[in-house]
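Biologist: Pick the part of this model that catches your eye and walk me through it closely. After that, carry on into whatever surrounds the middle of the fold, and keep it chatty.

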Amino acid sequence: MAENSNNGVPETADWAEFRRQMPVARRWAYFDHAAVAPLSGPTRTAMQEWLDDATQNGDANYLDWIGRVERLRDNAARMISATPEEIGLIRNTTEGINLVAEGFDWQPGDNVVIRADEFPANQYPWLHLADRGVETRRVATEEDGRFDPDRLAAACDDRTRILSISWVAFADGWRHDVDRLARIAHDCGALLLLDAIQGLGVFPLDVSQTPVDFLAADGHKWMLGPEGAGIFYLRREHLDRLRPTGVGWNSVVRPHDFSHIELRLKDTAARYEGGSPNMGGLIGLGASLDLLGRFPVEAIGRRIVELTDFACERLQQIGAILHSDRRPEHKSGIVTFELPGRDPNEARRRCLERQVVLSCRGGRLRISPHAYNDASDIDRLIEALT
């Protein structure tokens, strides 16, 4: 595949094709995939076709819809080298984390270990267990923003049941070594829950080699799907360790036999899905994964890192102070920075006026480009900031 350099960012014809599939790029320089991603053209088409079908035909083609949802389950499993039986389809990361938090057999005196700066979705479900005698141990980040995983290990003991960590930190983009996280958890007899929303779809993960126990991720960030449709992974050996919450007609082995009442749960992660799915959202997420599947995930990750490296170089040229660790083992698609003497909210407002989208997090600016972005977008970002 031939490559040429455009202002320091390697590009290929494939990335140009990816960009053509993203209508947002016609107007906006979009750097906010760590918040809410724009939908792709194929995703919009798939959801519109479902809307038209549901409007004109009701449920006449329901079996076709179910087939598309099951294709999504297969693709999600393939993406992380799991089996379809280990994949549950959920509304969001919070729901997936709560499946573990509310379904685990806790005993008074147990504890959970997390980073103190986790996204709230990975804090409140654990803090909510306090009235059951479960302690949430929140491990602080270093003052310079770096994080030593050995501090997680030091916080674990023989009563630690779950280590729940974001693969990529939402605020500054710190990317964890998932193999190391798994070793830390398993060395003390705990299980690893990975909040994968900021990494899934753009960085490789093979759960057949990296022993993640549970994983949750909404699809509306790097997977370019709609809100309200996500993925839950549960290692098959843990199927009976979680008591299902929200049990419904779709939890049992004969879900469509409404006259036969027998509480016999599915022997798969689908037992946690409960009732009717977000059909339109899941069909949209399926189309998003089809689009991402045209590119090797390793290539997507490299592309995103190249873009953020180039953006960091340009930002430093205009005096920005970076607050994201850019060492190879930790860098991700998220870069947080400040412009000395500039109010970040005002800077974001001025960027929006110039069709450049980014976020403010913790009093700093944050960019998060995807693989379809290019050097011209970064030019527009720098121009808007200066």
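Modeller: Gly 319 has a positive phi of about 90 degrees, and it sits just after helix 9. Bear in mind that this is a predicted model. Helix 9 itself covers residues 297-317. With 21 residues at 1.5 Å apiece, it ought to span 30 Å, and the end C-alpha atoms lie 31 Å apart, so the two figures agree.

Now for the sheet. It's an open one, seven strands in the order 4-10-9-8-7-5-6, with mixed pairing. Strand 4 (87-90) and strand 6 (135-139) are the edges: each has a single partner strand, so one side of each has no neighbour in the sheet. From one strand to the next, the twist averages 20 degrees. Strand 6 runs parallel to strand 5 (residues 111-115), and five bridges join the pair. One of the residues to click on is Arg 115, whose bridge partner in strand 6 is Val 139.

Two helices pack on that sheet. Helix 3 (residues 62-80) touches strand 4 and strand 10 (230-234), and its direction makes about 120 degrees with that of strand 4. Helix 4 (residues 93-103) touches strands 4, 7, 8, 9 and 10, and its direction makes about 160 degrees with that of strand 9.

Next, the nonpolar side chains. These tend to be buried together in soluble globular proteins. Here the largest nonpolar core has 72 residues, and the members touching the most others are Phe 18, Ile 87, Leu 152, Trp 167 and Leu 194. Helix 8 (residues 279-292) is the top contributor to this core, giving eight residues. There's also a second, separate core of 24 residues, with Leu 315, Ala 375, Leu 381 and Leu 385 among them.

Trp 167 deserves a zoom. Beyond its neighbours within four places in sequence, its contacts include Trp 174, His 176, Leu 194, Phe 203 and Leu 200. Follow that last one: Leu 200 lies in the loop between strand 8 and strand 9. Buried means under 20% relative accessible area, so Leu 200, at 2%, counts as buried. Again setting aside neighbours within four places in sequence, Leu 200 is in contact with Met 79, Ile 80, Trp 167, Leu 215, Ala 217, Trp 222 and Met 223. If you want a distance to check, the C-alpha atoms of Leu 200 and Asp 117 are separated by 20 Å, with their positions 83 residues apart along the chain.

Notes
Residues numbered from 1 in each chain as written. Predicted model: local features only at pLDDT ≥ 70, side-chain atom pairs only at ≥ 80, totals over all residues. Heavy atoms only, no water. Pairing = 2+ DSSP bridges. Helix = DSSP H or I, 4+ residues; strand = E, 2+ residues; numbered from the N terminus. Axes fitted to C-alpha atoms, helices over the stretch in contact; angles between N-to-C directions. Contact = heavy atoms within 4.5 Å. Core = buried A, V, L, I, M, F, W, Y, C linked by side-chain atoms within 4.5 Å. Buried < 20%, exposed > 50% of the residue type's maximum accessible area, 1.4 Å probe, protein only. Expected span 1.5 Å × (residues − 1).
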